[in-house]
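Please open the model in your viewer, in a cartoon representation with side chains available on demand. The stops below say what to select and what is found there.

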Amino acid sequence: MGPVSWHAEAEVVAFVIVGIVLIYSREGNNMLPTLKNRVFQLCLFTTFLSIGMNIASVCLIAAGPAVPVILTDAANTLYFVTTPAMALTYFYYTIAYVYEHSSHIRRVYLISTIPYAIYMGFALVNPVTNWLFSYDLQNGYQRGPLQILPYVVFYAYCIGCLLVTTLSGRHIDGPIRRILYAFPLVAAMVIVVQQIVPQYILSGSAAACALLVIYLYLQNKRITVDPLTGLSNRQAYTAMLELRLRQKRSITVVVMSLMDFKFINDTFGQKSGDRVLCQIAAYLSKEAAPDRVYRCGGDEFAVLMESETDADERIRRIRKRFSQPWDVSGSGCMVYAGVGVARAWQLKLSVEELISALECAVAEAKEGGTGRVVVCDDRMVARMKRKHAVTEILKEELLNQGFEVYYQPIYRREDGSFPVAEALLRLPNTPLGPIYPDEFIPIAEETGLIVQMTYLVLAKVCRFLRELLDEGAKLEGVSVNLSVLQFMQKDLADRISEIIDYYQVPARFIKLEITESVVASNYEAVLSVMEKLAKKGVQFALDDFGTGYSNLSYVMHLPVDMVKIDRSLIWSSLNNDRCATLVEAVSRTFGQAGIRMIAEGVETGEQAAFVQRCGIELIQGFLYAKPMPPEKALPYLMGTKELVKK
Ligand code: C2E
Ligand code: CA
Ligand code: CA
C-alpha cells in the first residue's frame, strides 16, 4: 500500500481545545482533589497527548526522509500507546462517577487496566516486531498484521463504559447517564465516518467533543463556586469533608456563622451586605491559606485546616478579627460570628454527623451577644446523636401514625365544666423511653417533620371530635397547635379544610393555636390563612401571650377569638405586683373587647384565686386536669365527669 495523504486539520483544532480545557480546569486552585476530578484531568491529559502524537506522526510521515526514521517510528509508537489509553481513562472516569464511594474501586481499576497493560506491551515492542505497523523510508508507513488490536482495545473499553453506565441503576441520575454515554457513542459514530472517509483523521476531535460535553455539564468548576465571593460553595465543602474523612486525615473544621447579618442587609442595603461578605471572604482566604475557605451558607463560612499544629493560633486570630469592625459603606460596623470547631479525626463521625455536631457547636457559640468559639466535644456529639435518634423515631412514628395525642381539658370557672381541650402530642413508648414535647417539637420544627405531624394531630383530633359529637357531647371544641413552618406551605388552609371536611366535623369545633412569633415571622401569610379559615368557621387562639412581643395590634387586626396568657405570667403575678396589675388589666380589657381569655399553668389554689380576680373565664392547669389519653379525657368533655368547683 502506497503512502496515504492524511488530513489532520480537525485534530489540530481538537488539540487546541483540549489544551484550553486542560489549562482552564486547573486555573484558580478551585479544583477539589476528588477522585472524579483527578481522573478527569487524566482523561484530558491522555487525550491531549494522543492527539498531539497523532498530529506529530502525520507530520513526521509527511516529512519523510527529512527527519530521522527513529523519530517518526517513536511518534507512531506513542500514538499507538496513547490512543486506547483515552478509552481506558474514560472508563476510569465512568467508574469514578458511578462508584466513587465504593471500597472496591481500587481493585476494579487494577483489573480493568490489565487488557490495556498487555496491549501496551505489544505496542512498545512494535519497533522490533512490526505487528501493529512498520515504518521505513523505502515503504513509508505500512499497517501490520495486528493493526486491528488498538481498535479492539479502544472499543472494548467503550463497551465497558456503556455497560457500567447502563448498569449503574440508582447510583446516577438520568441526565448524567446521558452525558456519560457521550464518549462511547461519539466513538462509535467515528468508526462509521472513518470507514467512509478514511483519510480524514477524526478520532481526537471526537474525543475532544465528548470531553467538552463532560466539562461543561459535570466538571465545570462553576458548579462548586459561590458567584458572589468566588469561594468554594457548600457542595464543595461537603465533598471535601467526605474526601478527607474517607482518607482519615487529621483535619480541623472551623465554621464561622455571622450573627444578625440580616441587620446589616436591612440597615445598609443588600449591596453593602454583599460587600461585607466579600471583605470577610477575602480576609478568611488570606488567613486560611494554603487551606481552602468555603461559603457553606448565606452567612456561614468554613475552613478545613489540614495541619493541626497552628490551628488554635489561626482560630484565635480569626476570632480576634471578628471582634473588630468591618467597613460598611465607609463606616465601621461590628459583625460578630459564632465559631464552631471540630477536630474531625478525634470525633469519628460520618459527614452528616459531623455537620450536625458543628451546627450544635455554632448554635452554642452564638448564644450571648458577641459570639464565641465552641469546640465540639463528646457532650455535644452525644446531644447530636440523640437528636439524630429522635429524628429517626419521629420519621418512624409519622410513617406508622404512631404518635399519641393527649388532651388537656380546659376548665370553665363559671359552671365548672370542661368545654374545651388542647391536643398535645405525646411519645410515651419509644426505644429511647418516653420523649417529651419540649425535646421533640423543636427537632420536628428543625427537620420540617412538624408539618406532617400537625396534619396527623388534626386528623386524630377530628376523629375524636366526631366520636364525641356522635355521643352527644356539648363541648365547644378542641385546640391544635400550629407551628411557624406550617405557614410556609402554600396549601395550608386547603389541607386543614380537607381534613375537617373529611371527618365531617363542623369547623367551629376546631381551634388553632398560634404564637405571636408565628405571626411576627410572616404577617401577610398568616393573616391570609387565618382569614380563609375563619370564614369557614375555624377559631383561633393566640398562644403564650406575654412571652413574645405582646403586640396588641395582632389581637386587634387578626381574627383571634381567644388569648392564652402564658404560665410564666401567671406564676410571676403571685410575687410581682406590677405583673399582677398588668395581667389583670389586660384580661379585663380583652374581656371587654369580646376576646375570651385562658390562663395557662394554674397549679395552685392561690393561682386559681388570682385568675378569678382577673375575671379570666377559662383555666388550663394541672390543678384541674392534666393532659391525658382520649379515653380518660372523654368524660371531662362529655360533661359526665363530676363537676369540680375550685
Ligand atoms: P403549649 O402550647 O404552651 O402547651 C401547653 C403546655 O403546658 C403543655 O406542655 C402542657 O402539658 C403544659 N401545662 C398545662 N398545664 C400546666 C400546669 O399547670 N403546669 C405546668 N407546669 N405545665 C402545664 P407539653 O404538652 O409538654 O407541651 C409543651 C409544648 O410543646 C407546647 O406548649 C407546644 O408548644 C408544644 N406542643 C405540644 N404538642 C404540640 C403539637 O401537637 N404541635 C405543636 N406544634 N406543638 C406542640
Ligand atoms: Ca398551645
Ligand atoms: Ca401555651
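The tour goes through a predicted model, from an open sheet to a barrel, then to the cores, two helix pairs and two single residues.

**Stop 1: the open sheet**

Select strand 4 (293–297) and strand 9 (373–375), the two edges of an open sheet. Between them the order is 4-5-3-8-9, five strands with mixed pairing. Why is one side of strand 4 and of strand 9 left without a neighbour in the sheet? Each has a single partner strand, so the other side stays unpaired in the sheet. From one strand to the next the twist averages 25°.

Now add residues 300–305, which are strand 5; this strand runs antiparallel to strand 4, and 4 bridges join the two. To find the register, pick G297, which stands opposite E300 of strand 5.

Next show residues 351–365. This is helix 14, which packs on the sheet and touches strand 3 (252–258), strand 5, strand 8 (337–343) and strand 9. The direction of helix 14 makes about 145° with that of strand 8.

**Stop 2: from helix 14 to helix 15**

Keep helix 14 on screen and add helix 15 (residues 378–400). The two pack at an angle of about 115°, their axes 9 Å apart. Their crossing is right-handed. For the contact, show E352, E353, S356, A357, C360, A361 and E364 of helix 14, which meet R379, M380, R383, M384, K385 and H388 of helix 15.

**Stop 3: the barrel**

Move on to the second sheet. Here 8 strands close into a barrel in the order 10-11-12-13-14-15-16-17, with mixed pairing. Ignoring direction, neighbouring strands are turned by 30° against each other on average.

Select strand 11 (residues 420–426). Is this strand enclosed or open? Of its 7 residues, 7 are buried, so strand 11 is largely enclosed by the rest of the structure. Its two faces can be coloured separately: V420, E422, L424 and R426 lie on one side, A421, A423 and L425 on the other, and all of these are buried.

Then look at the partners of strand 11. Strand 10 (residues 404–412) pairs with strand 11 in the antiparallel sense over 7 bridges. Two places fix the register: E404 stands opposite R426, and V405 stands opposite L425. Strand 12 (residues 477–481) runs parallel to strand 11 and is joined to it by 3 bridges. In that pair, V420 faces G477 of strand 12.

Finally, bring in helix 17. This helix lies across strand 10, strand 11, strand 12 and strand 13 (510–515), and runs at about 175° to strand 12.

**Stop 4: the nonpolar cores**

Show L394, M453 and V461. These residues have the most contacts inside the largest nonpolar core, which has 89 residues. Helix 17 (residues 450–470) gives the most to this core, with 14 residues. Which residues surround L394? Leaving aside neighbours within four places in sequence, L394 is in contact with F403, L427, F440, I443, A444, L449 and M453.

A second core is separate and has 56 residues, among them F80, A87, Y92 and V153.

**Stop 5: helix 3 and helix 8**

Select residues 69–98 and residues 203–219. These are helix 3 and helix 8, packed at an angle of about 25° with their axes 12 Å apart. That angle makes helix 3 roughly parallel to helix 8. The crossing of helix 3 and helix 8 is left-handed. On helix 3, Y79, M86, Y90, Y93 and Y97 make the contact; on helix 8, S203, A207, L211, I214, L218 and Q219 do.

**Stop 6: two glutamates**

Return to the barrel and pick E600 in strand 16 (residues 596–600). Is E600 buried or exposed? E600 has a relative accessible area of 9%, so it counts as buried. Beyond its neighbours within four places in sequence, E600 is in contact with E422, D543, D544, K564, I565, D566, R567, I570 and Q620. E422 was seen earlier on one face of strand 11.

Last, pick E531 in helix 20 (residues 523–536). Its relative accessibility of 44% makes E531 partly exposed. A distance label from E531 to N220, C-alpha to C-alpha, should read 49 Å, for two residues 311 apart in sequence.

Note on methods:
Residues are numbered from 1 along each chain as its sequence is written. Chains are lettered from A and ligands numbered from 1 in the order in which they are written. This is a predicted model: local features need pLDDT of at least 70, side-chain atom pairs count only at pLDDT 80 or more; totals for chains, interfaces and linings use all residues. Side-chain values use heavy atoms; hydrogens and water are left out. Two strands pair if DSSP finds at least two bridges between them. Helices (H or I, at least four residues) and strands (E, at least two) are DSSP runs, numbered from the N terminus. Axes are lines fitted to C-alpha atoms, for helices over the stretch in contact, and angles run from 0 to 180 degrees between N-to-C directions. Contact means heavy atoms within 4.5 Å. Buried means under 20% relative accessible area, exposed over 50%, partly exposed in between (1.4 Å probe, protein chains only). A nonpolar core is a set of buried Ala, Val, Leu, Ile, Met, Phe, Trp, Tyr and Cys residues joined through side-chain atoms within 4.5 Å. Angles under 35 degrees count as roughly parallel, over 145 as roughly antiparallel, 65 to 115 as roughly perpendicular and the rest as oblique. A crossing is left-handed if the near helix is turned anticlockwise from the far one by less than a right angle, and right-handed if clockwise.
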